[in-house]
Amino acid sequence: MHNNIENNLASYALKSKDSKGREYKEEIPKLRTEFQRDRERIIHSTAFRRLEYKTQVFVNHEGDMYRTRLTHTIEVAQISRAASRALMLNEDLTEAISLAHDLGHTPFGHAGQDILNKCMKDFGGFEHNIQSLRVIEKLENKYASFSGLNLCFETREGILKKCSKTRAKDLGEVGRRFIDKKQSSLEAQLTNVCDEIAYNNHDIQDGVKAKKIFIEQLETLPIFFNQMKIVLKKYPKLSGSKIINETVRLIINLLINDLIRNSNENIINKKIINSDDVRNCDSLVIGFSDEIKMLNMELKRFLYSNLYKHPDVIKMTDQANLVIENLFSAYMNDIKLIPNDYIQYNLLKINSGFKERVICDYIAGMTDRFAQLEYTKIFNERS
Ligand code: MG
């Protein structure tokens with residue numbers, strides 16, 4: 001019966017029945033599709049719950065109204081589902097990839113990733129996107145007959161957004177497309193763009209709210225200025241944050257409408273009939289028109305130099321370095337500081353020379369506040 005759910009999808013959408021399946025064979029679900037099952041497993045994972053207390057741009061204790069990794073993830077899922085439905089793609093697969101795309105993020109956002117990568121430089125490094133895959137393939141520990149969530153190939157492949165050729169070789173089938181120069185599904189391509197639409201726009205709102213960027217600066221951006229002009233023409237007396245919110249709404253609409261129009265054109269021009277055509281295409285199918293691509297790039301550059309490199313945001317880097325570097329060396333010196341059940345679960349890895357990776361996984365899984373607490377606990381006791 002569940003196959004009916006996917007009857008209305010476009011011919012090039014990825015359907016559950018065409019999935020390459022799961023690593024460990026399981027019974028076919030009766031009431032839902034395989035990709036629905038993936039989505040639901042992700043929501044029930046511990047890594048998903050922990051996103052609530054992980055930094056997006058602003059650390060959790062800076063205030064309750066900013067985005068967290070979790071609310072960012074939900075916004076990505078919302079935008080990508082809407083776009084997916086408009087393109088008649090598989091909404092369930094799109095949503096599953098969206099909900100899992102950031103599961104591998106460390107505490108303290110990108111600063112946390114960079115320092116953990118430095119700690120791991122002689123032991124294979126650390127990259128949050130590859131870690132997202134690792135979380136769902138190996139680290140989630142709740143099912144009786146396998147480690148990880150045993151998700152469908154297409155969901156796992158969709159999560160792996162970028163990857164070097166050397167790294168791809170270690171990842172097996174799921175990294176194959178980076179070696180063969182093939183494309184991921186339209187659903188995966190769409191999620192990547194919607195991730196960007198989500199964070200560019202919510203970072204404008206959060207940045208202004210936190211008084212790190214100002215409307216006068218934003219007005220220098222054509223994409224912002226033009227949409228704000230439309231807002232103020234309709235509501236001449238509008239003031240304060242409502243101007244920002246209404247303008248951001250229009251920007252998101254502009255981006256999504258362009259994305260859908262341009263992607264549909266690409267589908268026709270590239271003669272895409274089925275999901276194999278997508279895979280064999282020489283370039284991405286889902287994307288903005290050249291004009292919008294340029295405007296969006298300006299917005300990204302603006303946020304990079306004015307928000308992500310803002311001295312107050314950079315300050316978090318020092319905290320991340322202090323906490324993560326010290327936790328890493330503390331665990332290296334005395335692994336018993338890590339809870340025993342985690343050690344037992346990883347005993348084989350520890351005893352076969354992968355102690356650093358086990359510690360890295362443990363730290364990467366922490367929320368901001370847990371990392372901070374652990375640090376205080378270990379280092380206060382010592383002093
Ligand atoms: Mg993201």
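Ile-97, His-101, Asp-102, His-128, Asn-129, Gly-158, Ile-159, Lys-161, Thr-191, Asn-192 and Asp-195 line the largest cavity in this predicted model. That cavity has a volume of about 80 Å³, and a search of the whole structure turns up just 1 cavity of 30 Å³ or more. Below is a quick look at the lining, and then at Ala-100.

**What the lining is made of**
- Sorted by class, the lining of the largest cavity comes out at 6 polar, 3 charged and 2 nonpolar residues.
- The charged ones are Asp-102, Lys-161 and Asp-195.
- Ile-97 and Ile-159 make up the nonpolar pair.

**Which helices chip in**
- Three helices each supply at least two lining residues: H6 (128–139), H7 (153–159) and H10 (186–209).
- H10 gives the most, with 3 residues.
- From H10 (186–209), the lining residues are Thr-191, Asn-192 and Asp-195.
- H6 (128–139) brings in His-128 and Asn-129, while H7 (153–159) brings in Gly-158 and Ile-159.

**Ala-100 and its surroundings**
- Ala-100 sits in helix H4, which covers residues 91–100.
- With a relative accessible area of 0%, Ala-100 counts as buried, because the cut-off for that is under 20%.
- Setting aside neighbours within four places in sequence, Ala-100 is in contact with Ile-42, Ser-132 and Ile-159.
- One of those contacts, Ile-159, also belongs to the lining of the largest cavity.
- Gly-158, another lining residue, is 58 residues from Ala-100 in sequence, yet their C-alpha atoms are 9.5 Å apart in space.

Terms used
Residues numbered from 1 in each chain as written. Predicted model: local features only at pLDDT ≥ 70, side-chain atom pairs only at ≥ 80, totals over all residues. Heavy atoms only, no water. Helix = DSSP H or I, 4+ residues; strand = E, 2+ residues; numbered from the N terminus. Buried < 20%, exposed > 50% of the residue type's maximum accessible area, 1.4 Å probe, protein only. Contact = heavy atoms within 4.5 Å. 1 Å grid on protein atoms, 1.4 Å probe; cavity = no way out; pocket = protein on both sides within 12 Å on 5 of 7 lines; lining within 4 Å. Points joined across faces, edges and corners; volume = space filled by probe spheres on them.
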